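Got your viewer open? Let's walk through this one selection at a time, starting from a quiet corner and working outwards.

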Amino acid sequence: MCTERDRRWLTPAALRRRPRRCDDLVEARILQYQVRMLLARDVMKRDVLSIPQAMPFTEIVRLVVVAGVHGAPVIDDQGTVVGFISAMDLLRAPEQAYDDERDEDEGADPIAQLRCSTAIKLASPEPTWVSPETPVGEIARMMRDRGIH
């Protein structure tokens with residue numbers, strides 16, 4: 001059984017989990033502390049797959065599947081990041097191509113439209129940036145608040 005002193009170190013979320021032993025409470029607190037200490041540089045990838053802005057939809061899908069990633073930055077000819085394409089962006093593309101309320105410039109053939117879609121047309125235009133020194137907890141809050149996932 002845990003003492004009141006043990007419980008004061010825990011957050012309400014940890015207490016709602018209803019640990020069975022005091023050791024569970026201590027382990028939860030240690031894990032919580034370790035996560036708070038993590039910075040972006042501790043979890044970020046340094047060799048990132050990037051997608052040229054002119055790459056067509058079908059090639060993007062193939063590349064993302066083969067690489068096993070959920071998204072990648074879109075770059076221009078100079079290597080500057082101009083957007084970010086996520087798996088959700090790729091999933092939305094067919095839905096938009098087959099949308100009943102299509103614009104006149106989209107043409108009559110949704111498959112042709114999808115094949116002509118490029119990374120720059122599909123990508124989210126304003127990527128969110130963080131410093132390597134940003135705490136992971138702050139990044140998680142930012143992602144939650146901005147609907148990034």
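Start by selecting Ser-117: this residue is buried, at a relative accessible area of 11%. Keep in mind that you're looking at a predicted model. Ser-117 sits in the loop that links helix 7 (110–116) to helix 8. Now show its surroundings: leaving out residues up to four places away in sequence, Ser-117 touches Met-55, Pro-56, Phe-57 and Leu-122.

Next, hop to Thr-58, which you'll find in helix 5. Is Thr-58 buried, exposed or something in between? Its relative accessible area is 39%, so Thr-58 counts as partly exposed; the cut-offs are under 20% for buried and over 50% for exposed. Draw a C-alpha to C-alpha distance from Thr-58 to Thr-118 and you should read 9.0 Å, although 60 residues separate the two in sequence.

Now colour helix 5 (57–67) and helix 6 (87–97). These two pack at an angle of about 145 degrees, and their axes are 11 Å apart. Which residues make the contact? On the helix 5 side, pick Phe-57, Ile-60, Val-61 and Val-64; on the helix 6 side, pick Leu-90, Ala-93 and Pro-94. Sort that selection by type and you get seven nonpolar residues, no polar ones and no charged ones. As for handedness, the crossing of helix 5 and helix 6 is left-handed.

Time for the sheet. Three strands make up an open sheet in the order 1-2-3, with mixed pairing. The edges belong to strand 1 (51–52) and strand 3, each of which pairs on one side only. Zoom in on strand 2 (residues 71–75) and strand 3 (residues 81–86): they pair in the antiparallel sense over five bridges. To check the register, select Gly-71, whose bridge partner in strand 3 is Ser-86, then Ala-72, which stands opposite Ile-85. Follow the backbone around from strand 2 to strand 3 and you trace a hairpin with five residues between the strands. Stop at Gly-79 in the turn, where phi is positive, at about 90 degrees.

With helices and strands on screen, turn to what lies between the side chains. In soluble globular proteins, nonpolar side chains tend to be buried together. Here the largest nonpolar core has 15 residues, and Ile-51, Phe-57, Ile-60, Ile-85, Leu-90 and Leu-122 have the most contacts inside it. Helix 5, strand 2, helix 6 and helix 8 (119–122) each give two or more residues to this core.

Pick Ile-51 from that group and list its contacts. What does Ile-51 reach once neighbours within four places in sequence are set aside? From helix 5 and strand 2 onwards, the list is Ile-60, Leu-63, Val-64, Ala-72, Pro-73, Val-74, Ile-75, Ile-85 and Ala-119.

Finally, zoom out to the whole chain. The secondary structure comes to nine helices and three strands, and reading along the sequence gives α-α-α-α-β-α-β-β-α-α-α-α. Of the 149 residues in the chain, 25% are buried. Among contacts between residues at least 6 apart in sequence, 52% join residues at least 24 apart.

Definitions and conventions: Residues are numbered from 1 along each chain as its sequence is written. This is a predicted model: local features need pLDDT of at least 70, side-chain atom pairs count only at pLDDT 80 or more; totals for chains, interfaces and linings use all residues. Side-chain values use heavy atoms; hydrogens and water are left out. Two strands pair if DSSP finds at least two bridges between them. Helices (H or I, at least four residues) and strands (E, at least two) are DSSP runs, numbered from the N terminus. A nonpolar core is a set of buried Ala, Val, Leu, Ile, Met, Phe, Trp, Tyr and Cys residues joined through side-chain atoms within 4.5 Å. Buried means under 20% relative accessible area, exposed over 50%, partly exposed in between (1.4 Å probe, protein chains only). Contact means heavy atoms within 4.5 Å. Axes are lines fitted to C-alpha atoms, for helices over the stretch in contact, and angles run from 0 to 180 degrees between N-to-C directions. A crossing is left-handed if the near helix is turned anticlockwise from the far one by less than a right angle, and right-handed if clockwise. Ala, Val, Leu, Ile, Met, Phe, Trp, Tyr, Cys and Pro count as nonpolar, Asp, Glu, Lys and Arg as charged, and the others, Gly among them, as polar.
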